[in-house]
Amino acid sequence: MRPTDQPANPVAGPARAPALEAELRVRRGDFTLDVSLTAGPGEILALLGPNGAGKSSALRALAGLVPLTGGHVLVDGADETTTAVECRPIGMVFQDYLLFEHMSALENVAFGPRCQGAGRSEARARAGELLEHMDLGAHAQSKPRQLSGGQAQRVALARALAVRPRLLLLDEPMAALDASTRIDVRSRLRHLLEDFDGVTVLVTHDPLDAMVLADRIAVIESGRVVQRGEPAEVARRPRTSYVARLVGLNLFQGRGEGETVVLDGQDPGEAAEGWTPDGPALVTVREPHHGPALVAFPPRAVALYPEHPHGSTRNVWRLTVDGIERFGDQVRVHLDGPPSLVADITPAALAELGLSRGDTVWAGVKASEVECYPG
Ligand SMILES: Nc1ncnc2c1ncn2[C@@H]1O[C@H](COP(=O)(O)OP(=O)(O)OP(=O)(O)O)[C@@H](O)[C@H]1O
C-alpha cells in the first residue's frame, strides 16, 4: 500500500520543495567540465550541445556515476555530493533504456521499489499504477522485446519514476526512436512529465527536443555553459554560432553605435567593392544600441536583388553566391560577405534571379527584421 502521506498521483513524489542546485567540475582525460545548473520544482531543464560538449558527463556527475573534482550537488536543499549512486534520490533513463529483457514491463517497473524495500504486492501495485499512467496497462505482462520503441521508452520512464525520484535524468531519451515515432513520443513525454514535481534534466543534441520539452535550456559547448534561458529566448537571441545554426538564424557580433552595429573584423574604411553608406560591415537595427552587440535575423528575412534595390530596406549588401541547396519548399542560398549569411528564397525567385555559384547579388534585410541584443 502507498504510505498515507503519498499523493494519489502516481508520478508525484513526497511533498517537499524540490529543486536542483549543482556546481559540476569533472575531469575526463583531457576534457574538463565546469558548469553550474539550477532548476526549480517541476522544471524540465534541457542540456543542449554538440557531440563531446560534456552533456552526458554532466548528467553522470549528477547521478554520481563520474566523480566530481570540485563542486556540489544539492537536491531539495540536501547535499548529495558524496551520496552513493544507489542512495541518491534519482531516476535515470538511458538512450537504450536498459530494460531487463527477461522481466515483464510490470516486473521491470516494480524492480526499483522492491530494491528500496517495498513488499512484492506494494511494488507491483505502484508499478501497475505507473504503467496505467503511461497508457501501458495492456502491456504490463509484455517482455521488452514485444514492445515498440515508444512503449519501451515509457516503461523505462515508469521504471525511473517508480523509485519516487526527486531528480529525473534523461539521457537522449529520443535517440533510439525513428523520426515518425519521435514526434508522437516527444509530445507524450512532455504530457507524462507534467505531474512530476521533481526536477528533470534532459540531455539532447536535438534543438526540437529542447524547445518542445524543456522549461529552460542550458547550452553546453566545450565543457562550459555558453547560454541559458527559456526556449523562446534562446531561439530568438542565440549567443553562439552553434546555437544560431541550431535555431536557424544568421548571427553576427559587433559594436552598437546607435542604430548602426559595426560588425567585428570588418572595418568600414576598408569597404569592399559595392560599398555604400549602408555598406557591408554595418547593420542597421530598429532600436539604438551602444557597446558590444549581437545581431540576428532569419534567412527568410533576406531578399535578393539583381541590382541595388531602391526603397525602404535599410540593410543592403553586395554578396557572392557560395552555394545553393533545397531547404524544405524553399531554396537556401549561401552568400559570401562580408557579411556572410544565408538567404531562403522561393524556387520561383531563384529562377527569376538565375543565380549560380560565384555570381554576385544584392541582399537586403529590413531593420525591423533584425534582432539586436547585448553581446
Ligand atoms: N570514460 C571517459 N574517459 C575519458 N574521457 C571521456 C570519457 N567519456 C567521455 N569522455 C570525454 O569527455 C568529453 C565529453 O563527453 P560527453 O560524452 O560528456 O559529451 P556529450 O556532450 O554527452 O557528447 P555526445 O552528444 O556525443 O554524447 C569528450 O571529449 C569525451 O571524449
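This report walks through a predicted model, from its confidence to its helices and strands.

## Ground rules and confidence

Numbering starts from 1 along each chain, as its sequence is written. Since the model is predicted, local features need pLDDT of at least 70 and side-chain atom pairs count only at pLDDT 80 or more, while totals for chains, interfaces and linings use all residues.

The mean pLDDT of the protein (the predictor's confidence in each residue, from 0 to 100) is 87, and 91% of the residues reach 70 or more. Residues 1–7 are a weak spot, with pLDDT below 50 and 5 contacts beyond near neighbours in sequence; a contact here is two C-beta atoms, placed from the backbone, within 7 Å. Residues 267–280 also fall below 50, with 22 such contacts in the model. Where pLDDT is low, the predicted coordinates should not be read in detail. For the record, the model scores ipTM 0.95 and pTM 0.84.

## Helix 4 and its surroundings

Helices (H or I, at least four residues) and strands (E, at least two) are DSSP runs, numbered from the N terminus. Helix 4 takes in residues 149–161, 13 in number, and reaches 18 Å from its first C-alpha to its last. That is close to the 18 Å expected at 1.5 Å a residue, where the expected span is 1.5 Å times one less than the number of residues.

A residue is buried if 20 or more other C-beta atoms lie within 10 Å of its own, exposed if 12 or fewer, and partly exposed in between, with C-beta atoms placed from the backbone. In helix 4, 10 of the 13 residues are buried, so the helix is largely enclosed by the rest of the structure. Among them are Gln 153, Arg 154 and Arg 159. The cover over the buried residues includes strand 6, strand 7, helix 2 (105–115), helix 3 (120–133) and helix 5 (179–193).

## Helices 2 and 3

Buried residues of helix 2 include Leu 106, Asn 108, Val 109 and Pro 113. The buried residues of this helix pack against helix 3 and helix 4. Just after helix 2, Gly 117 takes a positive phi of about 105 degrees.

Arg 126 sits in helix 3. It counts as buried because it has 25 C-beta neighbours inside 10 Å. Leaving aside neighbours within four places in sequence, Arg 126 is in contact with Pro 113 and Ala 162.

## Strands 6 and 7

Strand 6 (residues 90–93) is covered on both faces: Ile 90 and Met 92 are buried on one side, Gly 91 and Val 93 on the other. It runs parallel to strand 7 (residues 167–171), joined by 4 bridges; DSSP must find at least two bridges for strands to pair. Met 92 has Leu 169 as its bridge partner in strand 7.

## The Mop span and its sheet

The unreviewed UniProt entry annotates residues 310–374 as "domain: Mop". UniProt positions follow the numbering used here, feature names are shortened, and annotations may be inferred rather than shown by experiment. In the model, this span is 11% helix and 54% strand, and its end C-alpha atoms lie 31 Å apart.

An open sheet of 5 strands has the order 13-17-14-15-16, with antiparallel pairing. Strand 13 (303–305) and strand 16 (341–345) are the edges, each pairing on one side only. Inside the sheet, strand 14 (residues 315–327) and strand 17 (residues 360–365) run antiparallel and share 6 bridges. Leu 319 stands opposite Val 361 in strand 17.
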